[in-house]
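Open the structure in your viewer and keep the sequence panel beside it. The tour below goes from one selection to the next and says what is there.

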Amino acid sequence: MAKNKEIKTNAMRILEKEKIPYTHYTYECDEFIDGLQIADMLSLPYEKVYKTLVTQGSSRNYFVFVIPIAQELDLKKAAKSVGEKSVAMIHVKDINAITGYIRGGCTAIGMKKQFVTRLDESARDQESIIVSGGRIGSQISLKPDDLLKACRGEYAQITAGSEN
């Protein structure tokens, strides 16, 4: 047996259970750093690395949006994509209570509850994308369609500057 057994996150266990292939990357980090810094540390192209954002709609329901790290979420497009009048970002202090993850380690796969999830349309152009592995210091690379399968999400145009 290997002594330094890799600690699997909930997201990794779900991917394995669903037989979805992924590649795991780790990086040294003790606290939250943004996705651009992580991409730089791992020498990854910005357009392949995606961040997971959690919002609350006017209905009080929560919604998850996965977008490229260098992009901004367009709140109007995001709300429209989930049939809400409006959505607003949740407070950082509420991330763990809502998702089970912490800031910097939040991924759309394996949250406490299954939330409606949208992946930015730009991911269709990527062979694979990189998202948080479910904790700080962990990233996973997988096909965009496989991410959607694992989190029961859909594609949508949700970033500033994307077409209507």
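Is E28 buried or exposed? Select E28: with a relative accessibility of 73%, this residue counts as exposed. The model is a predicted one. E28 sits in the loop that runs between β1 (23-26) and α2 (35-41). Now add I38 to the selection. I38 and E28 are ten residues apart in sequence, and their C-alpha atoms lie 9.7 Å apart in space.

**The whole chain**

Clear the selection and show the chain as a cartoon. There are five helices and eight strands to find. From the start of the sequence to its end, their order is α-β-α-β-β-α-β-α-β-β-β-α-β. The radius of gyration is 15 Å, close to the 15 Å that the globule rule gives for 164 residues, so the chain is as compact as a globular protein of that length. The C-alpha trace spans about 55 × 30 × 30 Å along its principal axes.

Switch on contacts next. Among contacts in the chain with a separation of 6 or more, 63% are between residues 24 or more positions apart.

Then show the surface. The accessible surface of the chain is about 9,200 Å², and carbon and sulfur atoms account for 48% of that. Of the 164 residues, 49% count as buried. If you colour by charge, you will find 23 positive and 21 negative side chains. The centres of these two sets are 8 Å apart.

**Strand β3 and Y62**

Select Y62, which is found in strand β3. How much of Y62 is accessible? Its relative accessible area is 25%, so Y62 counts as partly exposed. Show what lies around the residue. Leaving aside residues up to four places away in sequence, Y62 touches T55, Q56, I90, I98, F115 and V116. For a distance to draw, pick A88: its C-alpha atom is 9.5 Å from that of Y62, while the two residues are 26 apart along the chain.

**Helix α5**

Go on to residues 144-151, which form helix α5. Which residues of α5 are buried? They are P144, D146, L147, L148, A150 and C151. That is six of the eight residues in the helix, so α5 is mostly covered. To see the cover, select the elements around the helix. Those that cover its buried residues include α1 (10-17), β3 (62-68), β5 (116-120), β6 (129-132), β7 (138-142) and β8 (154-156). Strand β3, visited above with Y62, is thus one of the elements over α5. Just past the helix comes R152, which has a positive phi, near 55°.

**The cysteines**

For the last stop, select C106 and C151 and show their sulfur atoms. How many disulfides does the structure hold? It holds zero. C106 is in no disulfide, and the nearest cysteine sulfur to it, that of C151, is 11 Å away. A disulfide needs two cysteine sulfur atoms within 2.5 Å, which is why this pair does not count as one. C151 is likewise in no disulfide. Both residues are buried: C106 has a relative accessible area of 9%, and C151 has a relative accessibility of 1%. C151 also belongs to the list of buried residues in α5, where the previous stop was made.

Conventions. Residues numbered from 1 in each chain as written. Predicted model: local features only at pLDDT ≥ 70, side-chain atom pairs only at ≥ 80, totals over all residues. Heavy atoms only, no water. Buried < 20%, exposed > 50% of the residue type's maximum accessible area, 1.4 Å probe, protein only. Helix = DSSP H or I, 4+ residues; strand = E, 2+ residues; numbered from the N terminus. Rg over C-alpha atoms; globule rule 2.2 N^0.38 Å. Contact = heavy atoms within 4.5 Å. Areas by Shrake-Rupley, 256 points an atom, 1.4 Å probe, with all protein chains shown as cover. Lys, Arg positive; Asp, Glu negative; His and termini not counted. Charge placed at Lys NZ, Arg CZ, Asp CG, Glu CD.
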